[in-house]
Amino acid sequence: MSNAEATASSGNPEAARLRALLEPSVQANRLYLEDVAIVPGSHRVVHVVVDLPQEETGGVSLDVIADISKVLSDVLDNDPGDDGRPYDLEVSSPGVGRPLTEPRHWHRAKGRMVKVNVLQGENVTGRIQSVDDAGVTIIPEVAVKKGMKPKQGDPIKLPFDRIRNGKVEIEFSHLSEDGLEPEHNGPSEEA
């Protein structure tokens, strides 16, 4: 594995250790710790991805990213297992491009327009109406004539075991309403 590749928490004991160290502070700030990755090098980068809890919609605001960056920076500064090497802390949120692969991702995208890759079936594009333990209910967009607004079909229930993944479709008419920027990448902070 080259130095350029970030090592995600799954295969890296140090990233897993930092995840355990940081998670209580993230949860105390009513956020969800999505990932911790370490980009190795003489000046390491600790990359932390935080998201809102699954029952909330919208994105993580830049103010929240700045606040949690300060909190996590303090935790890292007081890390008993740290070897004293310099590091940069980068905190961001997943951004709209993240594939929807876990139930919590689908909960977070409720109300959004998504393209769903269906196993053994036609792919579906539509709006997420609801999400439960079993799967996702989508109101599909049915294409009509070119240049006409697509009409909405009857809701389709897709069980999770039939979904490969999903992707949020960017809707410019929706962006202005809830003030979402396309990407939420927080300021990286020198520690």
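## Overall architecture

Helices (H or I, at least four residues) and strands (E, at least two) are DSSP runs, numbered from the N terminus. The structure described here is a predicted model. By that assignment, the protein has four helices and 11 strands. The chain comprises 191 residues, of which 39% count as buried.

Contacts between residues at least 6 apart in sequence include a substantial long-range share: 58% of them join residues at least 24 apart. The protein exposes about 10,700 Å², and carbon and sulfur atoms supply 52% of that area.

## Nonpolar cores

The largest nonpolar core holds 21 residues. The members that touch the most other members of this core are V46, V48, V50, L72, L76, L89 and V91. Five elements each supply at least two residues to the core, namely α1 (13-28), β2 (32-39), β3 (44-51), α2 (62-77) and β4. Of these, α2 gives the most, with five residues.

Another core lies apart from the largest one and has 16 residues. Its members include V96, V118, I128 and V136.

## Helix α1 and the turn that follows

Helix α1 has 16 residues and reaches 24 Å from its first C-alpha to its last. This span is close to the 22 Å expected at 1.5 Å a residue. The N-terminal end of α1 is capped by N12, whose side chain places an oxygen 2.9 Å from the backbone nitrogen of E14. Further along, α1 has a kink of about 35° at L22, shortly before the proline P24. The residue at the kink, L22, is buried, as are A15, L18, R19, S25 and V26 in α1.

Just after α1 comes R30, which is found in the loop between α1 and β2. R30 has a positive phi of about 55° although it is not a glycine. With a relative accessible area of 64%, R30 is exposed, because the threshold for that class is over 50%.

## The buried arginine R98

R98 lies in the loop between β4 (87-92) and α3 (103-108). Its relative accessible area is 15%, so R98 counts as buried, the limit being under 20%.

The side chain of R98 makes polar contacts with two other side chains. One, of 3.2 Å, joins R98 and D51; another, of 3.4 Å, joins R98 and H105. Not counting residues up to four places away in sequence, R98 touches E34, D51, R104 and H105. The partners in the polar contacts, D51 and H105, are thus among the residues in this list.

## L52 in the loop between β3 and α2

L52 is placed in the loop between β3 and α2. At 10% relative accessibility, L52 counts as buried. Leaving aside neighbours within four places in sequence, L52 is in contact with L31, Y32, T57, G58, G59, V60, R104 and R108. R104 is also touched by R98.

L52 and L33 are 19 residues apart along the chain, and their C-alpha atoms are separated by 8.8 Å.

## W106 in helix α3

W106 is found in helix α3. Its relative accessible area is 1%, so W106 is buried. Not counting residues up to four places away in sequence, W106 touches L100, T101, V114, V116, I128, V131, V136, F160, I163, N165 and G166. Of these residues, I128 and V136 are among the members of the core of 16 residues.

One of the contacts of W106 is with F160. W106 and F160 are 54 residues apart along the chain, with their C-alpha atoms separated by 10.0 Å.

## A second positive phi at Q120

Q120 lies in the loop between β5 (113-118) and β6 (124-131). Phi of Q120 is near 45°, a positive value in a residue other than glycine. Q120 has a relative accessible area of 77% and is therefore exposed. A positive phi outside glycine is thus found in the loop between β5 and β6 at Q120, as well as at R30 in the loop between α1 and β2.

Key. Residues are numbered from 1 along each chain as its sequence is written. This is a predicted model: local features need pLDDT of at least 70, side-chain atom pairs count only at pLDDT 80 or more; totals for chains, interfaces and linings use all residues. Side-chain values use heavy atoms; hydrogens and water are left out. Buried means under 20% relative accessible area, exposed over 50%, partly exposed in between (1.4 Å probe, protein chains only). Contact means heavy atoms within 4.5 Å. Accessible areas come from the Shrake-Rupley method with a 1.4 Å probe; for residues, only the protein chains shown count as cover. A polar contact is a pair of N or O atoms within 3.5 Å; within protein, one must be able to donate a hydrogen and the other to accept it, and residues adjacent in sequence count only if both atoms are side-chain atoms. A nonpolar core is a set of buried Ala, Val, Leu, Ile, Met, Phe, Trp, Tyr and Cys residues joined through side-chain atoms within 4.5 Å. The expected span of a helix is 1.5 Å times one less than its number of residues. The bend at a residue is the angle between axes fitted to the seven residues ending there and the seven starting there.
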